[in-house]
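Trainee: I have a model open on my screen and would like to take a close look at one part of it with you. Could you walk me through it, and then show me how that part sits among the rest?

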Amino acid sequence: MRQILYVSRSAVPERDTDIDGIVERSRHNNALEGITGLLWSDGRRFLQVFEGPEDSVAATFERIVEDTRHEAIRVLHDVTIEQREFGGWTMARRTRWDKADAFDEKIRRALSRTSPEVRDAFLDLIAVETAA
Ligand SMILES: Cc1cc2nc3c(=O)[nH]c(=O)nc-3n(C[C@H](O)[C@H](O)[C@H](O)COP(=O)(O)O)c2cc1C
């Protein structure tokens, strides 16, 4: 299996970033393709890790890269994995009502079984966001 982790920037204003729509479509497609992962967004940036069969990951990433709703995609890692690190597709995101503590806890729980690389990438981003 293959796993890709990338960051990108929303190409539309924060208030127009349709995270719910993206997640809904992703869940539908990913279920069919055998893809699991995690998408984090604060409306301005995305951090996504997804994994599954080689062909499915390649096809999905091709679509993601072509999506004009985001830009400046930077792959942080692209690796072969023995087994999934994300059992199901979940997403946590910051809203103005989320307390930083509750939000961090949510992400930490979701990442508790992942590789240090994936975990650190998310935690770095959250740390920056918390400090901002
Ligand atoms: C940040 C971001 C993450 C996305 N993640 C996924 C994903 O995990 N799976 C997926 O199928 N599409 C994902 N998409 C959507 C794809 O870019 C594309 O719009 C979609 O796969 C098209 O599917 P459809 O032809 O079934 O409508 C994502 C888009 C963005 C902007």
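Does Thr-17 count as buried or exposed, and what relative accessibility puts it there?

Mentor: Happy to. Please keep in mind that this is a predicted model. Thr-17 has a relative accessibility of 12%, and because the cut-off for buried is under 20%, Thr-17 counts as buried.

Let's place the residue in the chain. Thr-17 sits in the loop that runs between strand S1 (2-10) and helix H1 (19-33). Leaving aside residues up to four places away in sequence, Thr-17 touches Ser-10, Val-12, Gly-43 and Phe-46. With Ser-10 there is also a polar contact, in which the two side chains come to 2.9 Å. You can also look across to Asp-42: Asp-42 is 25 residues from Thr-17 along the chain, and the C-alpha atoms of the two are separated by 9.3 Å.

It helps to step back to the whole fold here. The protein has four helices and five strands, and along the sequence they follow the pattern β-α-β-β-α-β-β-α-α. Of contacts between residues at least 6 apart in sequence, 77% join residues at least 24 apart. Thr-17 has plenty of company in being buried, as buried residues make up 43% of the 132 residues. The accessible surface of the protein is about 7,600 Å², with 48% of that belonging to carbon and sulfur atoms.

Now follow the chain from the loop into helix H1, where you will find Ser-26. Ser-26 counts as buried because its relative accessibility is 16%. A polar atom of the Ser-26 side chain lies 2.7 Å from the backbone oxygen of Ile-22. The side chain of Ser-26 also has a polar atom 3.3 Å from a nitrogen atom of the ligand, which brings us to the ligand itself.

There are 15 residues around the ligand, and those that come nearest are Arg-25, Ser-26, Asn-30, Arg-63 and Asp-67. Two oxygen distances are worth displaying. For Asn-29, an N or O atom of the side chain is 3.0 Å from an oxygen atom of the ligand. For Arg-63, a polar side-chain atom lies 2.8 Å from an oxygen atom of the ligand. Taken alone, the ligand exposes 620 Å², and the protein buries 82% of that. The elements giving two or more residues to this shell are H1, strand S3 (45-52) and helix H2 (54-66). H1 gives the most, with five residues. Sorted by class, the shell has five nonpolar, six polar and four charged residues.

Strand S3 and helix H2 come up again when you turn to the aromatic rings. The structure holds two aromatic pairs. In one of them, the ring centres of Tyr-6 and Phe-61 are 5.8 Å apart and the planes are at 50 degrees, so this pair is tilted. Tyr-6 belongs to strand S1 and Phe-61 to helix H2, so the pair ties together parts that are 55 residues apart in sequence. Both partners are buried: Tyr-6 has a relative accessibility of 3%, and Phe-61 has 14%.

The other pair joins Phe-50 and Phe-61, with ring centres 6.0 Å apart and planes at 40 degrees, so that pair is tilted too. Phe-50 lies in strand S3 and Phe-61 in helix H2, so here the parts tied together are 11 residues apart in sequence. Phe-50 is buried as well, with a relative accessible area of 1%. Ring pairs thus link Tyr-6, Phe-50 and Phe-61 into a cluster.

One last stop, for a contrast with Thr-17, is Ala-72 in strand S4 (residues 70-80). Ala-72 has a relative accessibility of 48% and therefore counts as partly exposed. Its backbone deserves a glance too, as the phi of Ala-72 is near 50 degrees, a positive value in a residue other than glycine. Most residues other than glycine have a negative phi.

So, back to your starting point: Thr-17 is a buried residue, sitting in the loop between strand S1 and helix H1, with its side chain in polar contact with that of Ser-10.

Definitions and conventions: Residues are numbered from 1 along each chain as its sequence is written. This is a predicted model: local features need pLDDT of at least 70, side-chain atom pairs count only at pLDDT 80 or more; totals for chains, interfaces and linings use all residues. Side-chain values use heavy atoms; hydrogens and water are left out. Buried means under 20% relative accessible area, exposed over 50%, partly exposed in between (1.4 Å probe, protein chains only). Contact means heavy atoms within 4.5 Å. Accessible areas come from the Shrake-Rupley method with a 1.4 Å probe; for residues, only the protein chains shown count as cover. A polar contact is a pair of N or O atoms within 3.5 Å; within protein, one must be able to donate a hydrogen and the other to accept it, and residues adjacent in sequence count only if both atoms are side-chain atoms. A residue is near a molecule or strand if one of its heavy atoms lies within 4 Å of it. Ala, Val, Leu, Ile, Met, Phe, Trp, Tyr, Cys and Pro count as nonpolar, Asp, Glu, Lys and Arg as charged, and the others, Gly among them, as polar. Rings of Phe, Tyr and Trp (its six-membered ring) pair if their centres lie within 6.5 Å; planes under 30 degrees apart count as stacked, over 60 as edge-to-face and the rest as tilted.
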